[in-house]
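Trainee: Could you take me through one part of this model up close? I'd like to start from a single residue and work outward.

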Amino acid sequence: MIIKIFLVFLKIGFLGFGGGYAMLSLIYHESSKFGMTMAQFADMNALDGIIPGPIAINSATYVG
């Protein structure tokens, strides 16, 4: 399981160009494979707006 998560984060890191908001669709696509629902993804986006820091790193932390 840890290797799968590592490979997903590696994929997002290599393919994610254009900043955090551009990577959100890729993050959702990959995290839905692990069972994340749309409501959980919406909660994650709300938390990303509150917590300081880059949105992609905050999203990856929440998914991980």
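Mentor: Sure, let's start with Glu30, which sits in helix H2, residues 20-32 (helices are DSSP runs of H or I, at least four residues, numbered from the N terminus). Keep in mind that this is a predicted model, where local features need pLDDT of at least 70 and side-chain atom pairs count only at pLDDT 80 or more, while totals for chains, interfaces and linings use all residues. Residues are numbered from 1 along each chain as its sequence is written, and side-chain values use heavy atoms, with hydrogens and water left out.

Glu30 has a relative accessible area of 3%, so it counts as buried (under 20%; exposed is over 50% and partly exposed in between, with a 1.4 Å probe and protein chains only). Leaving aside residues up to four places away in sequence, Glu30 touches Val8, Lys11 and Ile12 (contact means heavy atoms within 4.5 Å).

Val8 and Ile12 also belong to the largest nonpolar core, which has 11 residues, including Met23, Phe41 and Ile55 (such a core is a set of buried Ala, Val, Leu, Ile, Met, Phe, Trp, Tyr and Cys residues joined through side-chain atoms within 4.5 Å). Helices H1 (2-15), H2, H3 (38-50) and H4 (55-63) each give two or more residues to this core, with H2 giving the most, four.

Now for helix H1, where you'll find Leu10. Leu10 counts as partly exposed because its relative accessibility is 36%. Ile5 is in helix H1 too, and its 25% relative accessible area makes Ile5 partly exposed. Between Ile5 and Gly35, the C-alpha to C-alpha distance is 13 Å, with 30 residues separating them in sequence.
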